[in-house]
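Visitor: I should like to go through this model with you, a few local features at a time. May I begin with one of the helices?
Guide: Certainly; please go ahead.
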Amino acid sequence: MRVLLVEDHVELADTVATGLRREGIAVDVALDGHDALARVALIDYDVVVLDRDIPGVHGDQVCRSLVAEGRDGRILMLTAAGAIEDRVDGLSLGADDYLPKPFAFAELVARVRALARRSGAQLPPVLVHGDLRVDPANRLASRNGQRLSLSPKELAVLEYLLGAGGRVVSAEELLEHVWDENADPFTTTVKVTIKRLRAKLGEPPLIDTVPRSGYRI
């Protein structure tokens, strides 16, 4: 899952982005509406977490623009105004969900994950492949009944490969959806993560390498 967080309060943006990354979510941050629109033009985000009151282009206009373009990504609006009228206004702009500030971080994570599931192919809450089980919401993975000790990034890669349903996933696609803008596309970070993940998954091997194409389960 890749998320764009649009929030002009720098400290809050850093805190929320750090927390989401610890949940295995790739996060890019935009501090104003102009930057948000520029980033969305380049990257297909699964979810845009959009503060309504941002400088540059107002959050309402950003939301209208995203909806008008017909993008698949979902929009979660944030605002300090918690009145029913404000929530109705936000949803009427085309936002998929609305969360007033201050909010509990656990609720934000739950809403982001719920929206991400709606933005793509409908997947079951627990992904199963043979003796492998992955519960993305609770950040749990097990094989043959034994819990796997995976890093957030390893779990995110495994979740993405399982969600592909046997389709070959390129390293570039993994970088786009599992890593954020700070990832160097010319490094071996995907290859190294796959290698570590294979070691932790054990035998028999689950992840195939398709030469010159990518990876699949």
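Visitor: Which are the buried residues of helix α3?
Guide: This is a predicted model. In helix α3, spanning residues 59–68, the buried residues are Gly59, Asp60, Val62, Cys63, Ser65 and Leu66.
Visitor: And what do the buried residues of α3 pack against?
Guide: They pack against helix α2 (33–42) and against the strands β3 (47–51) and β4 (74–79).
Visitor: Which glycine follows α3?
Guide: Glycine 70 follows α3, and its phi is positive, near 70°.
Visitor: Turning to other residues, what is phi of arginine 139, and where is arginine 139 found?
Guide: Phi of arginine 139 is near 55°, a positive value in a residue other than glycine. Arginine 139 sits in the loop between β7 (132–135) and β8 (140–143).
Visitor: Is arginine 139 buried or exposed?
Guide: Arginine 139 counts as buried because its relative accessibility is 18%, the cut-off being under 20%.
Visitor: What about asparagine 144: where does it lie, and is it buried or exposed?
Guide: Asparagine 144 lies in the loop between β8 and β9 (146–147). Its phi is likewise positive, near 55°. Asparagine 144 is exposed, with a relative accessible area of 61%.
Visitor: A change of topic: which peptide bond leading to proline 102 is cis?
Guide: The bond from lysine 101 to proline 102 is cis, with omega near -10°. Proline 102 is placed in the loop between β5 (97–100) and α5 (105–119).
Visitor: And where is proline 204?
Guide: Proline 204 is in the loop between α8 (189–201) and β10 (208–210). The peptide bond to proline 204 from glutamate 203 is cis, with omega near -10°.

Key
Residues are numbered from 1 along each chain as its sequence is written. This is a predicted model: local features need pLDDT of at least 70, side-chain atom pairs count only at pLDDT 80 or more; totals for chains, interfaces and linings use all residues. Side-chain values use heavy atoms; hydrogens and water are left out. Buried means under 20% relative accessible area, exposed over 50%, partly exposed in between (1.4 Å probe, protein chains only). Helices (H or I, at least four residues) and strands (E, at least two) are DSSP runs, numbered from the N terminus. Contact means heavy atoms within 4.5 Å.
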